[in-house]
Amino acid sequence: MTHDETIAARIAGLTPREREVLIGLVEGGTNKVIANKLGISPRTVELHRARVMKQLNANSLTELLQTALSAGVAPRASVDRGRR
């Protein structure tokens with residue numbers, strides 16, 4: 001199994017909520033912003049984020065984002081993205 005296949009398998013093993021948190025992080029969201037978007041507490045986001053980092057073997061947020069982006073995890077398309 002190649003490195004890319006290993007990462008893809010690890011991402012596939014994330015729960016749907018963990019994937020949502022990962023996408024929120026890729027979009028640049030803080031724990032508080034992600035929590036508001038998902039209707040959960042910032043502490044719950046922290047817990048999901050810690051599990052995602054452990055599962056993807058990332059030691060920092062930067063490493064997590066590099067891994068996610070290289071595996072094809074991309075921000076969701078948003079209609080109002082250009083209206084900030």
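Biologist: Let's start with V26: is it buried or exposed?
Modeller: Bear in mind that this is a predicted model. V26 sits in helix α2, and its relative accessible area comes out at 16%. Buried means under 20%, so V26 counts as buried.

Biologist: Which residues does V26 touch, if we skip its close neighbours in sequence?
Modeller: One partner is A68, which lies 42 residues away along the chain, yet the two C-alpha atoms are separated by 7.6 Å. With everything within four places in sequence left aside, the contacts of V26 are L65, A68, L69, V73, A74 and P75.

Biologist: OK, zooming out to the helices: how are α2 and α5 oriented to each other?
Modeller: Their axes are 10 Å apart and the packing angle is about 105°. Angles of 65 to 115 degrees fall into one class, so α2 and α5 are roughly perpendicular.

Biologist: And what classes of residue make up the contact of α2 with α5?
Modeller: From α2 come L22, L25 and V26, and they meet L61, L64, L65, A68 and L69 of α5. Sorted by class, there are no polar and no charged residues in this contact, and the nonpolar ones number 8.

Biologist: Which residues have the most contacts inside the largest nonpolar core?
Modeller: In soluble globular proteins, nonpolar side chains tend to be buried together. Here the largest nonpolar core has 20 residues. α1 (3-12), α2 (16-26), α3, α4 and α5 (61-70) each supply at least two of them. Those with the most contacts inside the core are L22, L64 and V73.

Biologist: Which helix gives the most to this core?
Modeller: V73, one of the residues with the most contacts in the core, touches I11, L22, I23, V26 and A68 once residues up to four places away are set aside. As for the helix that gives the most, its share is 5 residues, and it is α2.

Biologist: How do α2 and α4 sit relative to each other?
Modeller: The two axes come within 9 Å and cross at roughly 90°. That angle is in the range of 65 to 115 degrees, and α2 and α4 are therefore roughly perpendicular.

Biologist: How many charged residues are in the contact of α2 with α4?
Modeller: On the α2 side you'll find R17, E18, V21, L22 and L25, and on the α4 side V45, H48, R49, R51, V52 and Q55. They divide into 5 nonpolar and 2 polar, and the number of charged ones is 4.

Biologist: Take E18, then: is it buried or exposed?
Modeller: E18 is found in helix α2 and touches H48, R51, V52 and Q55, not counting residues up to four places away. Its side chain also reaches the backbone nitrogen of T15 at 3.0 Å. The relative accessible area is 5%, under the 20% cut-off, so E18 is buried.

Biologist: What about Q55, what is its relative accessible area?
Modeller: Q55 belongs to helix α4, and its contacts beyond four places in sequence are R10, G13, L14 and E18. The C-alpha atoms of Q55 and G13 are 8.5 Å apart, with their places 42 residues apart along the chain. Q55 counts as partly exposed, and its relative accessible area is 30%.

Biologist: How far is the backbone oxygen of G13 from the side chain of Q55?
Modeller: G13 is among the residues in contact with Q55. From that backbone oxygen to a polar atom of the Q55 side chain, the distance is 3.5 Å.

Biologist: At what angle do α3 and α4 pack?
Modeller: The contact is made by N31, K32, I34 and A35 of α3 with P42, V45, E46 and R49 of α4. By class that's 4 nonpolar, 1 polar and 3 charged residues. The axes are 8 Å apart, and α3 (residues 31-38) packs against α4 (residues 42-55) at about 105°.

Biologist: Which side chain does N31 join in a polar contact?
Modeller: N31 is in helix α3 and, at 16% relative accessibility, counts as buried. Outside its near neighbours in sequence, N31 is in contact with P42, V45, E46 and R49. The polar contact spans 3.1 Å, and the partner side chain is that of R49.

Biologist: Last one: where is N57?
Modeller: N57 has a positive phi of about 55° although it is not a glycine. Its place is in the loop between α4 and α5.

Notes
Residues are numbered from 1 along each chain as its sequence is written. This is a predicted model: local features need pLDDT of at least 70, side-chain atom pairs count only at pLDDT 80 or more; totals for chains, interfaces and linings use all residues. Side-chain values use heavy atoms; hydrogens and water are left out. Axes are lines fitted to C-alpha atoms, for helices over the stretch in contact, and angles run from 0 to 180 degrees between N-to-C directions. Helices (H or I, at least four residues) and strands (E, at least two) are DSSP runs, numbered from the N terminus. Contact means heavy atoms within 4.5 Å. Ala, Val, Leu, Ile, Met, Phe, Trp, Tyr, Cys and Pro count as nonpolar, Asp, Glu, Lys and Arg as charged, and the others, Gly among them, as polar. Buried means under 20% relative accessible area, exposed over 50%, partly exposed in between (1.4 Å probe, protein chains only). A polar contact is a pair of N or O atoms within 3.5 Å; within protein, one must be able to donate a hydrogen and the other to accept it, and residues adjacent in sequence count only if both atoms are side-chain atoms. A nonpolar core is a set of buried Ala, Val, Leu, Ile, Met, Phe, Trp, Tyr and Cys residues joined through side-chain atoms within 4.5 Å. Angles under 35 degrees count as roughly parallel, over 145 as roughly antiparallel, 65 to 115 as roughly perpendicular and the rest as oblique.
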